Amino acid sequence: MAAYLVRRLLVSLLILLGVSFITFVLLYALPADPVRQIAGRSATAQTVENIRAQLGLDQPLMVQYWRYLTGLVQGDLGRSYLQRSEVSELIAARLPATLLLMAGAIGCELILGLTMGIVAALKRGSATDNTLMIASFVGVSAPQFVVGLLLLYVFAVQLKWFPIGGYGTLAHLVLPSVTLGIMGSGWYSRMMRSSMVDVLRADYIRTARAKGLTRARVILRHALPNAILPIIAMIGIDIGIFMGGIVVVESVFGWPGIGQLAWQAIQRVDIPIIMGVTLVSACAIVLGNLLADLVTPFIDPRIRLR
Amino acid sequence: MSAAADPAAPRPRSALRRLARRKLAVLGLVLIVLTVLGAIFAPWLTPYDPNEQMFDGLTITGAPMPPGGQFPLGTDLLGRDLLTRILYGARTSLIIGIVANGIALVIGTVVGVTAGYVRGLTGAVLMRFTDLMMAFPALLLAICLAAIFSPSLWIVAMVIAIVNWVQTARVLYTETTSLAEREFIAAERTLGAGHMRILLRHILPHLVPMIIVWGTLGISTTVLLEATLSFLGIGVQPPTASWGNIIFENQTYFQAAPWLVFFPGMAILILALSFNLLGDALRDVLDPTQRGRD
């Protein structure tokens with residue numbers, strides 16, 4: 001277990017190193033000149049060169065990358081070109097909002113997805129089952145920005161149940177969470193259904209029934225815990241899927257998280273912020289996958305990590 | 001009696017027949033065919049030009065026309081017929097769906113099959129690279145790439161291809177590694193067959209069903225990604241109509257004219273859903289590991 005953990009952490013570090021290098025090279029190749037953006041249109045050629053030297057952007061690629069890496073191991077993500085503050089501080093200020101949104105989305109996914117999956121499995125082959133599975137396909141195929149805009153139109157503009165955008169109260173959280181979670185709930189309902197169907201076929205369920213237990217007790221005490229656990233392990237993988245979605249959802253709802261930060265930075269060619277957010281997202285994805293792998297042996301003791 | 005009696009090898013005809021029995025798959029296929037026909041015959045289906053800003057296409061106060069009457073789905077902010085733009089937008093979605101996903105499929109197949117067959121250092125390096133790509137937040141990567149190159153239809157297709165090959169590579173890698181250890185491959189090798197012959201004549205044909213499945217499901221992802229990039233304004237650029245950029249252009253007005261979001265949004269949803277339904281049914285029919293489950 002310890003050896004496995006050490007190896008996985010090492011591989012994760014290597015992956016993050018690779019992500020940082022590729023992002024760095026990509027952003028280095030960016031045709032838009034960040035120095036021009038900082039200096040403004042009226043700057044003289046001399047000023048532009050001064051700023052370039054000051055930021056170290058006149059150095060060769062590998063020198064710049066090495067400097068970035070040495071900063072990185074000290075927790076320094078560099079300074080924003082335009083906002084005159086540390087990238088790590090900008091991200092730290094925005095991260096709570098994003099984490100809150102993700103928590104809301106996970107809640108929405110689990111409530112919607114698991115309920116749909118369980119009902120579908122229990123009514124297998126019925127019209128309810130078919131309808132729920134079509135609904136799960138619709139959830140998986142719905143573009144998030146359309147879902148977001150339509151939810152806004154119906155529940156915020158027309159019905160006025162929720163605020164149109166912004167951040168702060170629980171009411172603000174509902175629509176963005178649902179928008180981000182709807183795709184995942186589609187996946188969860190399908191996985192939950194097949195997991196539940198498998199469990200319901202197991203011998204110990206037949207034994208439980210044969211003992212004369214009530215249907216409710218068989219389902220709630222014997223089937224559900226075993227069917228749900230493997231699904232819960234998937235939450236780690238979800239975090240990676242969310243990382244793409246937050247850019248869209250945060251921009252639709254004006255949610256002040258790191259997705260919005262990244263989107264603004266991309267439009268203004270604020271390279272250190274783009275780098276920082278990409279790295280933080282990659283960390284979240286790698287950690288999420290690691291977590292998903294690490295919890296499996298606790299959920300299913302038959303699986304050993306090697 | 002029929003080809004279905006042979007359980008060992010799924011014959012194409014029996015697979016098609018089993019597919020035809022699935023209502024949802026047929027529904028998906030019909031919707032895809034309708035979209036393709038709509039895209040091809042767009043000029044004959046609508047009297048308007050997609051970029052024509054009609055002087056009677058706006059109300060007296062300069063607002064878009066609501067659906068009904070002369071413009072079945074209404075008009076957009078610039079007084080262009082929405083139905084026409086959606087029909088022409090189908091061309092964009094389908095072209096990108098097919099081209100981007102085709103490239104992604106080729107990259108994924110080459111990487112996955114090579115890594116699975118060669119193993120050793122080459123295989124390890126290829127798969128570690130695939131893992132690395134998995135750790136990339138796909139949409140962020142696509143946004144960065146789209147920002148680097150000034151976006152156009154073909155650049156967007158390339159960007160999506162670069163982001164989307166990973167899943168196929170992983171699936172085909174697993175499949176190839178298990179195939180490469182089977183007896184018939186060892187038998188071929190003892191008979192003196194070269195690597196290329198084994199790969200092309202014996203391994204690839206076994207992978208075709210999976211490639212078809214992932215190719216179909218991938219189009220759905222591609223359509224959604226194109227729409228998202230275009231919605232953010234870094235995908236297909238106006239005036240070329242794309243379902244995503246119709247919403248991008250009109251979103252400031254969506255409270256007053258929700259149909260400008262609703263109709264293109266439904267178009268994206270229906271096309272993505274159709275490919276998902278078809279792909280899922282294909283997986284049940286073609287993928288032997290899925291058989292007997294439901």
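**Figure 1. Chain A on its own, with a fold in which 71% of the contacts at a separation of 6 or more link residues 24 or more positions apart.** This is a predicted model, so read every panel here with that in mind. Chain A is built from 13 helices and has zero strands. Written along the sequence, the pattern is simply α-α-α-α-α-α-α-α-α-α-α-α-α. Taken along the principal axes, the C-alpha atoms fit in a box of roughly 85 × 55 × 30 Å. Of the 306 residues in chain A, 38% count as buried.

**Figure 2. Where domain 1 of chain A meets domain 2 of chain A.** The domain assignment splits chain A into domain 1 (2–73) and domain 2 (87–299). Their C-alpha centres sit 33 Å apart. At the contact, domain 1 of chain A puts in 13 residues and domain 2 of chain A puts in 11 residues. On the domain 1 side, H1 and helix H2 (34–39) of chain A are the elements that give two or more residues. H1(A) gives the most, with nine residues. Sorted by class, that side of domain 1 of chain A has eight nonpolar, four polar and one charged residues.

**Figure 3. The face of chain B that touches chain A.** The contact takes 32 residues from chain B and 32 residues from chain A. Which helices of chain B supply at least two residues each to this side? They are helix H5 (120–135), helix H6 (138–148), helix H10 (195–231) and helix H12 (259–286). H12(B) has the largest share of this side, nine residues. As for chemistry, the side of chain B that touches chain A has 25 nonpolar, six polar and one charged residues. For the complex, the predictor gives an ipTM of 0.85 and a pTM of 0.87.

**Figure 4. Helix H6 of chain B, mostly covered.** In H6(B), 10 of the 11 residues are buried. Among them are Leu139(B), Ala142(B), Ile143(B) and Cys144(B). The cover comes from both chains: it includes helix H1 (2–28), helix H11 (235–253), helix H12 (258–267) and helix H13 (271–299) of chain A, along with helix H7 (153–164) and H10 of chain B. Zoom in on Ile143(B) and, leaving out residues up to four places away in sequence, you find it touching Val247(A), Ile266(A), Leu232(B) and Ile234(B).

**Figure 5. The largest nonpolar core, with 158 residues.** Which residues have the most contacts inside this core? They are Ala262(A), Ala142(B), Ile143(B), Ile160(B) and Ile268(B). H12(B) supplies the largest share of the core, 17 residues. From chain A, the core draws at least three residues from each of domain 1 (2–73) and domain 2 (87–299).

**Figure 6. A cis peptide bond in chain B, between Pro238(B) and Pro239(B).** Omega for this bond is about 10 degrees. Pro239(B) lies in the loop between H10 and helix H11 (243–250) of chain B, and Thr240(B) lies in the loop between H10 and H11 of chain B. Is Thr240(B) buried, exposed or partly exposed? Thr240(B) counts as partly exposed because it has 17 C-beta neighbours inside 10 Å, between the limits of 12 or fewer for exposed and 20 or more for buried. Not counting residues up to four places away in sequence, Thr240(B) touches Thr92(B) and Leu153(B). Thr221(B) is 19 residues from Thr240(B) in sequence, and the two are 21 Å apart in space, C-alpha to C-alpha.

**Figure 7. Lys160(A), a positive phi without a glycine.** Phi at Lys160(A) is about 55 degrees. Look for Lys160(A) in the loop between helix H7 (144–158) and helix H8 (170–200) of chain A. Lys160(A) counts as exposed because it has just 9 C-beta neighbours inside 10 Å, and the cut-off for exposed is 12 or fewer.

**Figure 8. Confidence along chain B.** The mean pLDDT of chain B is 84, and 93% of its residues reach 70 or more. Residues 1–8 of chain B are another matter: pLDDT there is below 50, and beyond near neighbours in sequence this stretch has six contacts in the model. Where pLDDT is low, the predicted coordinates should not be read in detail.

Conventions
Residues numbered from 1 in each chain as written. Chains lettered and ligands numbered in written order. Predicted model: local features only at pLDDT ≥ 70, side-chain atom pairs only at ≥ 80, totals over all residues. Contact = placed C-beta atoms within 7 Å. Helix = DSSP H or I, 4+ residues; strand = E, 2+ residues; numbered from the N terminus. Nonpolar A, V, L, I, M, F, W, Y, C, P; charged D, E, K, R; others polar. Domains from an automatic or database assignment. pLDDT = per-residue confidence, 0-100. Core = buried A, V, L, I, M, F, W, Y, C linked by C-beta atoms within 7 Å.
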